[in-house]
Amino acid sequence: MNIITHTLAGWCAGRQISDRPRDAVLLTVASIFPDIDGIGALVDIYRGQEAVLFSEFHHKFGHNLFACLALLPLVWYFARNFRIMFWFTILFHFHLFCDIVGARGPDGFQWPVYYFFPLNDHELTWSGQWEINAWPNFVFTLILLFVFFRQILLTGFSPLGLVSHEADSVLVDTLSNRFGHRKNQAK
Ligand SMILES: [Zn+2]
């Protein structure tokens with residue numbers, strides 16, 4: 001799935017799992033981190049070449065078990081909470097699951113997940129995989145957007161609050177006025 005869907009999934013799950021915005025950030029990181037191995041695309045674009053590095057490394061060094069395990073000490077450092085570590089692991093793997101079921105390329109390539117990379121090159125794929133721009137991904141993203149805005153209304157806090165309390169208040173008030181919900185105390 002695309003990075004926007006992964007980001008929304010992580011943030012919405014994070015807000016559902018914990019009241020602390022910091023935990024939501026950590027769980028959002030869990031949900032998007034695997035795609036760090038797609039960074040070769042930027043180099044490809046910079047060099048004006050075909051997707052050489054992207055094809056070579058995407059779904060490898062980020063989309064694997066060991067990347068997840070390597071991140072857990074950092075999660076502990078920031079969260080000091082085993083429950084958040086557990087959910088970090090789940091959301092990391094939910095990203096892999098979403099890619100396996102719904103990230104087929106327009107050319108039909110399945111973009112297998114190399115779950116045990118660099119230990120071996122075993123490929124995880126699913127024969128029923130749908131395309132990355134197919135309707136299930138679109139519907140899932142719409143549902144996440146609904147949950148995203150609903151959580152803002154219910155909690156009185158949006159991701160803007162991570163950088164600016166004022167901007168967050170403006171957004172929450174605007175949404176509250178538009179949709180008529182009363183926000184709870186900001187968290
Ligand atoms: Zn991915």
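Buried residues account for 29% of the 187 residues in the protein chain. The model described here is a predicted one. The chain contains 8 helices and 0 strands, and from the N terminus on its elements run α-α-α-α-α-α-α-α. Along its principal axes, the C-alpha trace spans about 50 × 35 × 35 Å. Of the contacts in the chain with a separation of 6 or more, 61% are made by residues 24 or more positions apart.

The N-terminal part of the chain offers a convenient starting point. Helix H1 covers residues 3-17 and packs against H2 at an angle of about 145°, the two axes being 7 Å apart. The crossing in which H1 passes H2 is right-handed. On the H1 side the contact includes Ile3, His6, Trp11 and Ile17, and on the H2 side it includes Asp23, Leu27, Ala30 and Ile32. The residues of this contact divide into 9 nonpolar, 6 polar and 2 charged.

Farther along the chain, the loop between helix H4 (52-57) and H5 contains His59. The phi of His59 is near 75°, a positive value in a residue other than glycine. Is His59 buried or exposed? His59 has 25 other C-beta atoms within 10 Å, and it therefore counts as buried, since 20 or more are required for that description.

The next element to consider is helix H5, residues 65-79. At 1.5 Å a residue, its 15 residues should span 21 Å, and the end C-alpha atoms are 20 Å apart, which agrees. H5 nevertheless has a kink of about 30° at Leu72, shortly before the proline Pro73. Cys68, Val75 and Ala79 are buried residues of H5. The cover over the buried residues of H5 includes helix H2 (21-32) and H6.

H5 is followed by Arg80, which is found in the loop between H5 and H6. Arg80 has a positive phi of about 50° although it is not a glycine. The surroundings of Arg80 comprise 9 C-beta neighbours inside 10 Å, so Arg80 counts as exposed; the limit for that description is 12 or fewer.

Beyond this loop comes helix H6, residues 82-102, in which Met85 lies. Which residues does Met85 touch, not counting those up to four places away in sequence? With that exclusion, Met85 touches Leu72, Val75, Trp76 and Ala79. Leu72 is the site of the kink in H5, while Val75 and Ala79 are buried in that helix. Met85 is itself partly exposed, because 18 other C-beta atoms lie within 10 Å, a count that falls between the limits for exposed and buried. Met85 and Ala30 are 55 residues apart in sequence, and their C-alpha atoms are 9.8 Å apart in space. Ala30 belongs to the part of H2 that meets H1.

Trp87 is also found in helix H6. With 24 other C-beta atoms within 10 Å, Trp87 is buried. Leaving aside residues up to four places away in sequence, Trp87 touches Ile17 and Leu27. Ile17, in H1, and Leu27, in H2, both take part in the contact of H1 with H2. The C-alpha atoms of Trp87 and Asn2, which are 85 residues apart along the chain, are separated by 21 Å.

After H6, the chain enters the loop between H6 and helix H7 (135-155), where Pro118 has its place. What form does the peptide bond from Phe117 to Pro118 take? This bond is cis, with omega near 5°.

The last helix to be described is H8, residues 165-179. At 1.5 Å a residue, the 15 residues of H8 should span 21 Å, and its end C-alpha atoms are 21 Å apart, which agrees. H8 is hardly covered, as the count of buried residues among its 15 residues is 1. Gly180 follows H8 and has a positive phi, near 75°.

Technical notes: Residues are numbered from 1 along each chain as its sequence is written. This is a predicted model: local features need pLDDT of at least 70, side-chain atom pairs count only at pLDDT 80 or more; totals for chains, interfaces and linings use all residues. Helices (H or I, at least four residues) and strands (E, at least two) are DSSP runs, numbered from the N terminus. The expected span of a helix is 1.5 Å times one less than its number of residues. Two residues are in contact if their C-beta atoms, placed from the backbone, lie within 7 Å. The bend at a residue is the angle between axes fitted to the seven residues ending there and the seven starting there. Axes are lines fitted to C-alpha atoms, for helices over the stretch in contact, and angles run from 0 to 180 degrees between N-to-C directions. A crossing is left-handed if the near helix is turned anticlockwise from the far one by less than a right angle, and right-handed if clockwise. Ala, Val, Leu, Ile, Met, Phe, Trp, Tyr, Cys and Pro count as nonpolar, Asp, Glu, Lys and Arg as charged, and the others, Gly among them, as polar.
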